[in-house]
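Visitor: Can you walk me through this one? Start with the ground rules, then the interface.
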Amino acid sequence: MNRTALLLAIVVLVAAVLGALFNWGLTPRDARDVASPLIGRTLDEWEAPLLPRYQAEWGETLRYSDLIGRPLVVNVWASWCRPACYNEAPRWKRAWDAYQDHVLIVGVNFQDTPADATSFLDRFEKKFPSVADPRGRIGIAWGVFGVPETYFIRADGTLSHKHNGEIDMVTIERQIEALLEGGG
Amino acid sequence: MPRRLLLFTLLAAGAVMAQVELSPKVFEIAARLRCPVCISETVAQSSSGTAEEMRTLIATKLAAGESQQQIFAYFQQRYGDWILLDPPRRGIYLVVWLLPGVVAAGLVLGLALLVAEWTRRGRRPIDVDEDALAALQRGMAQQERP
Amino acid sequence: MCQRRFIRPLHDPTTVVGVIDLAQLGSTAVLLAVGVTIYGLLVGVVGIAQRDGRMTASSRFASHGAFVALTLAVAVMQIALLTNDFGVSYVADTSSRFSPTWVKVVSMWAGLEGSILLWAWILAGYGSLLAGTAPNSPLRPWAVVVMSGVQLFFVGVIGLVANPFAPVLNPPFDGAGPNPLLQNHWMMAIHPVLMYLGVVGLTVPFAYAIAALITGRSGAAWMRETRTWTLTGWAFLSAAIVAGGWWSYEVLGWGGYWAWDPVENLIFLPWLTATALVHSVQVQERRRMLKGWNVFLVVLTFNLSILSTFLIRSGVLSSVHAFGDGPIGPVFLGFFLVVTVVAFGLAAWRRTSLRDQAELDSALSREGGFLLNNVLFTAMAFAVLLGTLFPLIVEALSGDKVTVGAPFFDRVSVPLWLAVLALMAIGPLLPWRKAASQTVRTNLVWLLLGGVVAGLATYLGGVRRPYPLATFTLAGVNLASLALLLVGPVRMRARATGRHVLSAAVEVVRDQRRKVGSMIVHFGVVIIAVAVAASGGYRVDTQLRLPFGEAVTFEGYQLLAREPYSESLPQRVSHGAVIDVVRDGRVLATLRPRINEFRNARQQVTTPGVLYRPFEDVYLSLSQIDPDGRWVIVRAVRSPLVTWIWVGGLVLVLGTVYALGPGPVPRR
């Protein structure tokens, strides 16, 4: 009789462990939210053409090494990234309005066409510049899993934080404050 | 870090990349990397833009003389261990490296022990009731008498 | 024909008489099925408790009734799909008025709720077939009850949780259309159906096993009664896996057929345990051993099939083939846990009835071979399960994300498969109980000869890689074994009847259906093994630019891109290239790989062009078309022997059909 009870206990235990594991597995998780190994390191250099509407003010191309030296936020976005990039865009506008004197925000338009990028920008009026990365080469060099992704870079060029997926205002503010505090 | 400095110029959208023809070696290497923007495909399998660009990048690196290890290291530094199709050989990941072999060996060993026990049982002589056997033998001897 | 569909909430008093509300009709059919199933379950249990034959007969009748009700539901869904009734939520989510007719028909299982409806319908069909044809035995009433219980879960999910017939208040003009990957190819009509016929078919042995546990009659009876069901389910599942591989090959565009993707692994698991089962039941039939192990295998097979459907449909594991997540995840998890606890708990509780006097005369015997077979398949199943779940476990414990990909699965399964191949050659030659050392030695000589010949031939043919070489060698061993298996009985028959060898052979093949059927199945496995080894080990992938009008050399062929072309169909717009594949000056085929853009879907899907040849395939997949029309970029793959995988799968199924056929009329 004891043996039966033991076996039954094992069955229930196994079921409980599996149940706990799969129940946890059911919680919504982003499969692409992988921790970046680049935190604390410098990022690859690139030079990319600016989107047409920014060329008057910023020039034809932008070189990443020119941007280092002050706290920097790089936001990777695309017009086909619905709904996340569309939800984010107003927040970036607010962030730029609030922090433009302290932090440079740059966008990277990832695997997109000029026409679609233009209509996105028309809609949201992003004042900070964006460069075009039509083949995604910058993305590969920086370890981009998808869009949107945001890099918070310190003045010395090391990566402070990488946010995968849609970002909310609180996180933007908190990370920018961290950049400014940490010897920005 | 000069080692990580990768200067390249991107032309406007629609530019033709230098490396379009890809050798089988490129696909061999790509088959050992996970496509970062896909759900569950290798860089060799995927037809996404990122996978195509990664294959082009692998071809460029091969042409520049980089070894397979260096190419894996390049992607590993940017995407983490996740991009390699095998988990690293340390810590908790050793479970998946070792456990299949341990279980297989254990099953074979267990089978050997069971089979040894069962064959021993099979060879055990049947317990005979001595009195009944003697009676049977007497009966048979009686029948044989004319 | 102009039809008006008025969809209103159920309590709306202004229903127009005469208009058929498909959503309501379908929901009613489903609820009817739920009710009938509950009735069948209850009356069956009470009938067993009170030993009332009429009540158990009524529960069998209810199985038929449930099948009728679900057939009605399926018919309603098909009508809704074919008449573009977007007032039915599933049709609005999954179908499109611009799809061709066959796509509308298969849309029924393209989406989550519809696929569960298909599962429930096939399950009801099996339940009805069981109720109608199973021989009367103490196990039958319980088997019917268990089938009804499982059925109750599935119709309950359709009726209460994921109702495909939920009404849509403002029907859109057009539905969302099925996933582009699922309307690209005719295999969508076949693979899912085969899969369900296989997996659901294995519910019947499970029902009998539970019946055996509950009644305590765990002897050989339930094995005998379920042999046909088990083999049929196994054959359908094998066919489904091979068909799925072919579908992947023709649709996914990378020239491969198996990627050790989580969904593929999960459906492979019940196949592995079912294969172990079809072998170990023979030990129970002959030697009355392994009762407990067989029950465990049957329950495990069913459990794995429920686990796999849970993981596939819930979004827990990400996969190319996954269905997407939804509210049914927790429900399926609950069912899986219930089945685990109840079935294994029953087995634990009744383990005394499963005890048997296991004994062997010798390890070197047919029984020994089957035991080793089970160990190998169990080890493989464990490794595949571990590899598939490991990323989830690691993430749950530490939050780290890690990948366990194809190299791991290849590493664990290939050596085990080689061992299986070797065993497949030796096992059938071993007699029951004990092998005489003389026969073993003679057979071994022939086997080694076959292996050496095959190995040398392939080595001299240029094969140097260890795993393909080992596979080809073992294939030679297996062919020698099959020859030996045939020669012995044929010679005996010829000598006994004094007839010519050929007619004796025909007689043996006709009479020993089980044995010949299993030989054919093993032959099919050998074909598949050889084809997989060749196509996996010697595949050549390249990417080429083909300028229009210029031939480009690829692996001994010339690829000549002639011109671009476009297709514009209601459901898709495609751009492709017409490419000739030339060898020795002769055009072998004109392939038309294309890139498809479907309505309502951003994702582009490629359709490759495949030239099937006996010894290798030439596989072309378009990557890019020059906007100025001067060139195309294609991925070109040369895969040796791939066609033989599909041929081997067919041989395997035919062998099973033959083995299940009617036996010879006994001669007196």
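Guide: Contact here means heavy atoms within 4.5 Å. This is a predicted model: local features need pLDDT of at least 70, side-chain atom pairs count only at pLDDT 80 or more, and totals for chains, interfaces and linings use all residues. Residues are numbered from 1 along each chain as its sequence is written, chains are lettered from A and ligands numbered from 1 in the order in which they are written, and side-chain values use heavy atoms, leaving out hydrogens and water.

Visitor: How many residues does the contact of chain C and chain B take from each?
Guide: Chain C puts in 48 residues and chain B 40 residues.

Visitor: What area is buried there?
Guide: About 3900 Å², with 67% from carbon and sulfur atoms. Buried area is the accessible area (1.4 Å probe) that two parts lose on being put together, summed over both. Phe390(C), Thr403(C) and Gln543(C) supply 16% of what chain C buries against chain B, more than any other three residues.

Visitor: Which side chains meet in a salt bridge?
Guide: Asp86(B) and Arg411(C), at 2.7 Å, N to O. The rule finds one salt bridge across this interface. It needs a side-chain nitrogen of Lys or Arg within 4 Å of a carboxyl oxygen of Asp or Glu.

Visitor: New topic. How much space lies in the second largest pocket?
Guide: About 1900 Å³. A pocket is an open set of points on a 1 Å grid over the protein atoms alone, where a 1.4 Å probe fits, with protein on both sides within 12 Å along at least five of seven lines; lining residues have an atom within 4 Å of a point.

Visitor: Which lining residues are closest to its centre?
Guide: Of 50, Trp293(C), Phe296(C), Leu300(C), Phe344(C) and Thr378(C).

Key
Points joined across faces, edges and corners; volume = space filled by probe spheres on them.
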